[in-house]
Amino acid sequence: MIKISSLAHVYDKGRNLKFPCWEIADMEQWLLLGASGSGKSTLLNIISGLLKPSQGEVLINGTDLYTLSAKERDRFRGRHIGIIFQRPHLIRSLDVLDNLELAAVMAGLPIDHERNLSLLADLGIAELAKNYPDELSQGQLQRVSVARALVNKPDLLIADEPTSSLDDENANQVIQMLTTQAKDNGAALIIATHDGRVRDHITKTYLL
Amino acid sequence: MNIFKISTKNLIRNKLTTILNIILVAFGVGILSILFLASTQISNKLEKNAKDIDLVVGAKGSPLQLILSSVYHIDYPTGNIPAKDAYKLMQNPMVKRAVPLALGDNYNGYRIVGTDSNFSNLYGLSIQNGSFWHKDLEVTLGSTVALTTKLKIGDSFFGAHGLTGNGDVHKQHAYQVKGILKPQGNITDNLILTNIGSVYKMHEGKHTEGHIHAAAEEAKEINDKQITALLIQYKSPMSVILFPRMVNQSTNMQAASPAMESARLFSLIGVGIDTLQWFAIFIMGIAALSIFISLYNAMKERKYDLAIMRCLGASKSKLFFLVMFEGVLVTFIGTCLGLLVGHTALEVIGIYQESSQAKLTGLTAIPQEIYLIWIGLFIGTLASLIPAMQIYKVDIAQTLIKDR
């Protein structure tokens with residue numbers, strides 16, 4: 001379970017953001033809504049341990065993220081949080097399977113070859129395991145990045161604007177995929193978006 | 001799947017840059033290793049061969065040439081000296097041991113040296129097979145000579161006039177192999193030893209052969225009984241100043257010190273070696289710069305990769321190590337390749353070298369080469385340090401939001 005309380009962040013340039021308290025129970029699926037510039041990305045970065053807030057705390061399964069050292073926080077993120085970016089961002093010198101293995105290695109976990117293959121199969125891209133990222137289409141890349149986020153069986157899956165560059169059909173597919181994969185893998189899900197198409201799939205919303 | 005694999009994969013992805021950097025490093029290291037190897041081998045050889053020789057007395061001319069011809073057996077002799085003057089010097093009280101040398105013939109490029117038993121005492125020679133020469137026309141072969149000419153004890157062969165080439169063969173007298181020396185690791189491995197009488201006899205023979213011009217000259221040489229040079233060992237170091245002056249002033253011969261002349265020779269080659277050394281260091285510098293630039297440029301693109309790895313749980317120090325490792329890996333491969341190239345090149349040079357006396361080989365290693373590996377690793381570290389430091393500056397969140 002994830003809990004944020006009395007969270008606020010002040011940027012160097014003077015922008016001041018305050019975030020309402022938020023509790024996410026295990027396996028709950030949430031939308032994080034807000035106009036651009038409202039601090040969606042900032043909040044996601046804070047929750048995923050990439051940006052230390054000026055004030056307040058983030059508890060994930062009872063661990064206060066910002067009392068950990070930077071190194072411990074990196075490791076914690078690798079093991080407990082899966083992040084899906086707006087752009088797929090795969091390592092281009094590694095093939096699809098290696099990209100998945102990288103996630104385990106970077107988090108300091110053993111490589112589970114079977115799981116990686118079954119993840120790819122679940123996402124319908126099993127035959128691409130040995131392909132390199134530049135041989136894949138945008139949709140396929142997006143799937144690989146979802147698979148990569150799930151490799152370490154995270155407690156929380158965070159997706160930042162996963163649909164913004166996709167057409168209706170693909171957007172639908174991606175949302176479907178995220179919600180079912182999060183459920184199947186026992187992870188809570190947060191989708192940050194200002195895309196109206198997503199609202200039909202997820203009811204709980206946190207508005208900024 | 002680990003950091004090493006990621007580095008290697010990334011290097012393979014950027015093949016051309018990687019190869020260029022490896023070649024630059026290999027080139028610099030290769031030149032340096034050739035220089036190191038060649039100069040140590042040459043100076044070792046010079047030292048070993050002149051170890052117990054304090055002075056060489058020979059005909060007037062270039063002292064360096066005298067040393068090269070009679071100690072290192074490389075150059076041609078300066079001329080001959082009258083045997084009776086030489087023997088007078090040998091009796092001098094300052095002389096502990098004097099070895100007369102009569103040069104003039106060769107067999108397949110190996111010099112036939114007429115001398116006496118003092119020669120084997122001077123160089124501490126010992127026999128592997130057979131015995132030392134006793135009578136005229138008996139020879140004892142150096143180990144390398146025996147190995148390459150495949151002559152065995154009891155075999156006989158004809159010497160050729162001159163110090164190289166097989167042009168003018170002394171057909172009338174054949175030498176007979178009496179013994180083969182143990183490998184000494186110095187110049188004697190490449191010599192054919194006999195007594196002075198044999199050398200005289202060879203050239204007497206010429207007389208009957210009818211080379212009128214040459215024969216007349218040679219006849220005179222033999223009538224006056226000349227030798228080529230005299231190797232001298234002093235009784236006490238005090239003689240270093242007195243004896244050479246005595247020889248140079250009161251006789252028609254010159255005295256040259258191997259230590260001084262080889263030092264002079266080395267100072268002459270030294271300029272070339274220094275220049276090459278700076279050239280190699282310059283190339284290594286360029287290699288470092290090239291590695292630095294390619295890593296630094298790659299960082300712009302790799303920022304995303306590294307940001308992703310951070311998101312996946314890698315710590316900054318881990319990624320710092322990743323970038324460092326790439327630079328160091330390139331220089332390490334380059335250094336090893338360079339050493340290999342250096343050794344191979346020197347071995348090839350050795351094979352094509354004409355003078356068998358100063359053969360270079362790439363099959364030995366010297367301790368300095370370990371420094372080369374360290375220098376290589378140091379350059380790699382230095383060149384990747386600044387690009388790797390970028391890791392600490394990258395704002396992951398910002399980087400990943402921006403498009404590629």
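**Reading a two-chain model, feature by feature**

Me: How many residues lie between β3(B) and β4(B) in their hairpin, and which residue in the turn has a positive phi?

Reply: Two residues separate β3(B) and β4(B) in this hairpin, and Asn108(B), in the turn, has a positive phi of about 50°. Keep in mind as we go that this is a predicted model. The two strands of the hairpin, β3 (residues 95–107) of chain B and β4(B), pair in the antiparallel sense over four bridges. To find one position in that pairing, look for Asp105(B), which stands opposite Ile112(B) in β4(B).

Me: Which strand runs parallel to β4(B)?

Reply: That is β11 (residues 191–195) of chain B, joined to β4(B) by five bridges. Here you can start from Val113(B), whose bridge partner in β11(B) is Leu193(B).

Me: How should I read the two sides of a strand, and are the residues on the faces of β4(B) buried or exposed?

Reply: In general, side chains in a regular strand alternate between the two faces of the sheet. On one side of β4(B) you will find Tyr110(B), Ile112(B) and Gly114(B), and on the other Arg111(B), Val113(B) and Thr115(B); all are buried, so both faces are covered. To call a residue buried, we ask for 20 or more other C-beta atoms within 10 Å of its own. Six of the six residues of β4 (residues 110–115) of chain B pass, so this strand is largely enclosed by the rest of the structure.

Me: Let's try a helix. Which residues of α1(B) are buried?

Reply: In α1 (residues 3–13) of chain B, the buried ones are Ile6(B), Ser7(B), Asn10(B) and Leu11(B). They cover an arc of only 130° around the axis, which puts them on the same side of α1(B). Among the elements covering them are α2 (15–49) and α11 (316–352) of chain B. Now turn to the face of α1(B) directed away from its buried side: it carries the exposed residues Phe4(B) and Ile12(B).

Me: Over in chain A, what is the order of the strands in the five-stranded open sheet?

Reply: Follow the sheet across as β7-β8-β9-β4-β10 (chain A), with parallel pairing. At the edges stand β7 (81–84) and β10 (204–207) of chain A; each has a single partner strand, so one side of each is left without a neighbour in the sheet. From one strand to the next, the twist averages 20°. For a detail inside the sheet, take β4 (residues 29–33) and β9 (residues 188–193) of chain A, a parallel pair with five bridges. There, Leu31(A) stands opposite Ile191(A) in β9(A).

Me: Which strands does α1(A) lie across?

Reply: α1(A) lies across β4, β8 (156–160) and β9 of chain A, and runs at about 155° to β8(A).

Me: Stepping back, how many helices and strands does chain A have?

Reply: Chain A has six helices and 10 strands. Its radius of gyration is 17 Å, close to the 17 Å from the globule rule for 208 residues, so chain A is as compact as a globular protein of that length. Of those 208 residues, 45% are buried.

Me: Finally, how many residues does each chain give to the contact between them?

Reply: Chain A gives 26 residues and chain B gives 21 residues. On the side of chain A that touches chain B, the elements giving two or more residues are α1 (40–47), α2 (70–80) and α3 (96–106) of chain A. That side of chain A has 12 nonpolar, six polar and eight charged residues.

Definitions and conventions
Residues are numbered from 1 along each chain as its sequence is written. Chains are lettered from A and ligands numbered from 1 in the order in which they are written. This is a predicted model: local features need pLDDT of at least 70, side-chain atom pairs count only at pLDDT 80 or more; totals for chains, interfaces and linings use all residues. Two residues are in contact if their C-beta atoms, placed from the backbone, lie within 7 Å. Ala, Val, Leu, Ile, Met, Phe, Trp, Tyr, Cys and Pro count as nonpolar, Asp, Glu, Lys and Arg as charged, and the others, Gly among them, as polar. Two strands pair if DSSP finds at least two bridges between them. Axes are lines fitted to C-alpha atoms, for helices over the stretch in contact, and angles run from 0 to 180 degrees between N-to-C directions. A residue is buried if 20 or more other C-beta atoms lie within 10 Å of its own, exposed if 12 or fewer, and partly exposed in between; C-beta atoms are placed from the backbone. The arc is that of the directions from the helix axis to the C-beta atoms. The radius of gyration is taken over C-alpha atoms; the globule rule is 2.2 Å times the number of residues to the power 0.38.
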